Amino acid sequence: MQDFVANLRWRGMVCSATPGIEAQLEKERTTGYVGFDPTAPSLHIGNLAAIMLLKHFQLAGHKPVVILGGATGMVGDPSWKTAERRLLCEEELHYNQTCISKQLQQFLDFSDRKHGAVLLNNMDWFRDMGFLKFLREAGKHISVNYMMAKDSVKRRLETGLSFTEFAYQLLQGYDFYYLYTHHNVKLQMGGADQWGNLTTGTEIIRRKTGNAAFALTTPLITKADGSKFGKTEQGNVWLDPVMTSPYAFYQFWLNCSDEEACKLVMVFTLLDQATIGTLIQTHNAAPHQRTLQKAIAKELTIRVHSEQAYRQAAQAAEILFGNATQGDILTLDEQDLLTIFANVPKITISQEQWRDLTDITDLVSSVTQGIIFKSKGEARRIIQGGGLSINKIRITDPHQKPDFFLLQEKYLLIQQGKKQYYLVVVQ
RNA sequence: GGGGAGGUGCCAGAGUGGUUAAAUGGGGCGGACUGUAAAUCCGCUGCUUCGCGGCUACGCAGGUUCGAAUCCUGUCCUCCCCA
């Protein structure tokens, strides 16, 4: 049994833990769990740290349990949230659960080995419980004073908190108790924001059985500027390739700052301490190479998506941001071209429109329906400022005749600024 | 119900009859530098025009005037104070 806690510690993945946890893990193969409320049809990278906890737990020889909180998801966790949340209906939750459980297979071994992971839904024991039974089984053992004293709830007492959300920690606490008694689960893990909920669970177990159960939290990952980790301007970074493309996913990791990358490489990759040490050294010697970011992006893109998705994302990045020249894009066949520019807006124009063009400005404004530039004036300004390239060649004259050759005889690669690409398809 | 303040461009905010497409700051966008970063510097930031110009725009609707964001009338909305 490898030392799970020590492994987490050097990775900086332990925020707090109840006493005695090391002794318990050393004593026997232990079953531990993490709960996810299926509030969306996909996990996002904010959930990933908790998944990594389970991953390390399993790799250390212990048995992970995942709770997809069909019941808790119906209530809504108020921890650290500023406002009451929207209630989700059961069908929505069920659909989300199905999607999420598939994603979990990519991380954990759900085989029937001794330490194979198990997936449970707390709806199974809450559905038929009844309110009175719950009050007697769970509510009787925990005082309101205890529940209100949690930091995670305190701030909401000022602005308002429904009884429903207030009761959330009891649900989660009871989950732990149920798992303890029915599945021999002795440890619950989660993000640092979950500490209040986890200790409610250990408290219920202690009061009802007199035995100790354990809790461990991992620090919430914060960005240097204080904004929330895992969000881009476009919103959450999801694991689902439809909601966040593998390319965008790869880019997210690649664009992490150096300080973040040092932390992220320990939390999100499975590389060992020595390898990470070397990586950080290499990185610091030549930070512009972004060794760390690339290592993280590679490992995660492969694990969450696939080897192929990683290669495509890396190639796309090279073409889009490297010093690709016209020669480089000419070497791409149509398949490559479409893959690399899969996430780029495509604008179709007709053969007639293409033939009748007299002016580059018209092409990037009116003919393309204002998608690239919403007015001719804007197009002209950007071109005069040197901000437009076609097929990787910078355009300098707004009135240039658009006598470009078409890539693969039908595509035109239009680039605004450094990052914004459009693909015009002539059909 | 009474009294007061105010509604200006993506946002904040100046302007109180012509020189105002509207100061200034922020944001956004382009360029340079760079690591697809940060900081910095430069440029652009209503539509149209190669430009002159034309058009649209200061809550909304009218009016006064050669000329209105600016004055008048009505109207809608917001904020503050009192009841």
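## Domain arrangement

In chain A of this predicted model, the centres of domain 1 and domain 2, taken over C-alpha atoms, are separated by 29 Å. The chain is divided into domain 1 (4-218), domain 2 (231-322) and domain 3 (346-426), with bounds that come from an automatic or database domain assignment.

Residues are numbered from 1 along each chain as its sequence is written, while chains are lettered from A and ligands numbered from 1 in the order in which they are written. Local features need pLDDT of at least 70 and side-chain atom pairs count only at pLDDT 80 or more, whereas totals for chains, interfaces and linings use all residues; side-chain values use heavy atoms, with hydrogens and water left out.

## The interface of domain 1 and domain 2

Domain 1 brings 18 residues to the contact and domain 2 brings 23 residues, where contact means heavy atoms within 4.5 Å. About 1800 Å² is buried between the two domains, and carbon and sulfur atoms give 71% of this area. Buried area is the accessible area (1.4 Å probe) that two parts lose on being put together, summed over both. Of the area that domain 1 buries against domain 2, 36% is supplied by Trp10, Arg11 and Ile45, more than by any other three residues.

The rule finds zero salt bridges across this interface (a side-chain nitrogen of Lys or Arg within 4 Å of a carboxyl oxygen of Asp or Glu). Eight residue pairs, both residues at pLDDT 80 or more, are in polar contact (a pair of N or O atoms within 3.5 Å; within protein, one must be able to donate a hydrogen and the other to accept it, and residues adjacent in sequence count only if both atoms are side-chain atoms). On the side of domain 1, helix 3 (residues 45-59) provides the largest share, seven residues. Helices are DSSP runs (H or I, at least four residues), numbered from the N terminus.

## The surface near RNA strand B

There are 25 residues around RNA strand B, and Gln251, Leu254, Lys376, Gly377 and Arg381 come nearest; a residue is near the strand if one of its heavy atoms lies within 4 Å of it. Of the strand atoms within 4 Å of the protein, sugar and phosphate account for 66%. Helix 21 gives the most to this surface, with five residues.

A side-chain N or O atom of Ser375 is 3.1 Å from a phosphate oxygen of RNA strand B. A polar side-chain atom of Asn255 lies 3.0 Å from a sugar or linking oxygen of the strand.

Technical notes:
Helix = DSSP H or I, 4+ residues; strand = E, 2+ residues; numbered from the N terminus.
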